[in-house]
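Student: Could we go through this structure together, slowly, so that I can follow each term as it comes up?
Tutor: Gladly; here it is.
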Number of protein chains: 2
Amino acid sequence: MRSSGSKAVTELVQRLRVAGLRPTRQRVALGRLLFAGPDRHVTAESLHLEAAKTGAQLSLATVYNTLHQFTASGLLRQVVVDGAKTYFDTNTGDHHHFYAEDRATLIDIPGDCVVIDGLPKAPVGMEIERVEVVVRLKPRA
Amino acid sequence: MRSSGSKAVTELVQRLRVAGLRPTRQRVALGRLLFAGPDRHVTAESLHLEAAKTGAQLSLATVYNTLHQFTASGLLRQVVVDGAKTYFDTNTGDHHHFYAEDRATLIDIPGDCVVIDGLPKAPVGMEIERVEVVVRLKPRA
DNA sequence: TTTCTTGTTTAGAATTGTTCTAAATCATTG
DNA sequence: CAATGATTTAGAACAATTCTAAACAAGAAA
C-alpha cells in the first residue's frame, strides 16, 4: 500500500506539480485547508493559526511564501479591502465582494449577477486588468 | 491690517471651525495643499513631503492625525487599493477609481457615468455603506 | 494683557503586517 | 544512496502606521 493519500490529496499534488511547485508537506497541508472544501477567504495569519490547530508544523514565513506562490500560479487571488491585512481568495473567477468592516469579513458576490455599465475606457497606454467591486457593509442602525 | 489671509484661507478656517477643529498652523497648511486646487489623492508620506517643500514645519505624526481628523469630518475620504499605503481623496462625492498598479496612481471615475446593476442586497443585520469600484490598470502590452 | 484650560503637536518608542537572509532541510534525479 | 537544487525556517529587518507622554499653542476668562 504505497499511496495512503486520499483522492483529493492526489489531485492537489497534481495541481501543485502542474504549477511547477514541489508538493512538500507544508504546501500540501495548506492546500488541503484551502481547497478541500468550499471557497474561502484567508489571511496569512488566519491560515497559519488554522494550520497549527490541525497539528501542521510550519512557519508563518512559509505561509506567506506559499500564499504568494499559489497566487502567482493562479490558484488563489488577492483581495484588497483593508489597508492592514491582505486577504486571499480561493475563488479566482470573476466575482466581487461584500466587506463587513466591523467583522473584517468577506462574502462573495457572484460575478454573473452584477453588471457594470458606463465605465470610461482606460487611459492611453494602459489597459484594464480587472474590475473589482467592493460593497462595504456596516451593522444596520 | 489685521487679517492678512486670502479669502481661500478664510474659507478654509471656516470649514475647520465648522468641523470642530481648531485652525492651527499645521491644519491650515495641510488644508491649503489639499483644498486650494482641484481634487487630488495623497498619502501621509506624500503630503508630508509636499508640506516640507513649501516650507511648512510639521511632523509626520501630525499629518497622520490631520488626515484622519479630516476624514472623520467628511472633508476627505479614504481609498483602499493597495495593501501597503493608504490613500486619501479630496473628492468625497460618489465616484470610483482607476488604479495604475505600476505607477501607484489613482484617477477618478465620475460616479454619475457608472451604473452598477444586480448587486444582491446586504445580508440581514447589515446595510450597505458604500459601493466602490476599482478598475486596475496595467501598461498596455 | 495675563492666566487658565484644554486641545494640539511632536519626538521617539512601539506595533503590526510583511519581507528578507542565510543556514538547515527536504524532494527529486541520476 | 548521493548529489543538486528547491524549500523551509528562525530571526532580523522593514515600512507604514499608531501610541505615548511631555511640550506647546489657541481660545476663553479674568
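Student: How do the residues of the surface near DNA strand C divide into nonpolar, polar and charged?
Tutor: They divide into 8 nonpolar, 11 polar and 6 charged residues, where Ala, Val, Leu, Ile, Met, Phe, Trp, Tyr, Cys and Pro count as nonpolar, Asp, Glu, Lys and Arg as charged, and the others, Gly among them, as polar. A residue is near a strand if its C-beta atom, placed from the backbone, lies within 6 Å of it. Keep in mind that this is a predicted model, in which local features need pLDDT of at least 70 and side-chain atom pairs count only at pLDDT 80 or more, while totals for chains, interfaces and linings use all residues. Residues are numbered from 1 along each chain as its sequence is written, and chains are lettered from A and ligands numbered from 1 in the order in which they are written.

Student: Ok, and which residues come nearest to strand C?
Tutor: Of the 25 residues around DNA strand C, the nearest are Thr86(A), Thr24(B), Gln26(B), Ser59(B) and Thr62(B). Two or more residues each come from α3 (44-53) and α4 of chain A and from α2 (25-35) and α4 of chain B, and α4(B) gives the most, with 4 residues. Helices (H or I, at least four residues) and strands (E, at least two) are DSSP runs, numbered from the N terminus.

Student: What about DNA strand D, which residues are closest there?
Tutor: DNA strand D is surrounded by 25 residues, the closest being Thr24(A), Leu58(A), Ser59(A), Thr62(A) and Thr86(B). On this surface the largest share, 4 residues, comes from α4(A), and by class the surface has 8 nonpolar, 11 polar and 6 charged residues.

Student: Switching topic, which residues of α2(A) are buried?
Tutor: Arg27(A), Leu30(A), Gly31(A) and Leu34(A) are buried in α2(A), where buried means that 20 or more other C-beta atoms, placed from the backbone, lie within 10 Å of the residue's own.

Student: And why do they line one face of the helix?
Tutor: Seen down the axis of α2(A), the buried residues fall within an arc of 105°, so they line one face of the helix; the arc is that of the directions from the helix axis to the C-beta atoms. An α-helix has 3.6 residues a turn, so residues three or four places apart point the same way. What covers the buried residues of α2(A) includes α1 (7-18), α3 and α4 of chain A.

Student: How many helices and strands does chain A have overall?
Tutor: Chain A comes to 4 helices and 7 strands, and of its 141 residues 22% count as buried.

Student: Where do the two chains meet, and how many residues does each bring?
Tutor: The contact takes 35 residues from chain B and 34 residues from chain A, with two residues in contact if their C-beta atoms, placed from the backbone, lie within 7 Å. On the side of chain B that touches chain A, β7(B) gives the most, with 14 residues, and that side divides into 22 nonpolar, 4 polar and 9 charged residues. Strand β6 (residues 115-117) of chain A and β6(B) run antiparallel and are joined by 3 bridges, and two strands pair if DSSP finds at least two bridges between them. The bridge partner of Asp117(A) in β6(B) is Val115(B).

Student: Last one: what do β4(B) and β5(B) form?
Tutor: They form a hairpin with 4 residues between them, and Ala104(B) in the turn has a positive phi of about 55°.

Key: A residue is buried if 20 or more other C-beta atoms lie within 10 Å of its own, exposed if 12 or fewer, and partly exposed in between; C-beta atoms are placed from the backbone.
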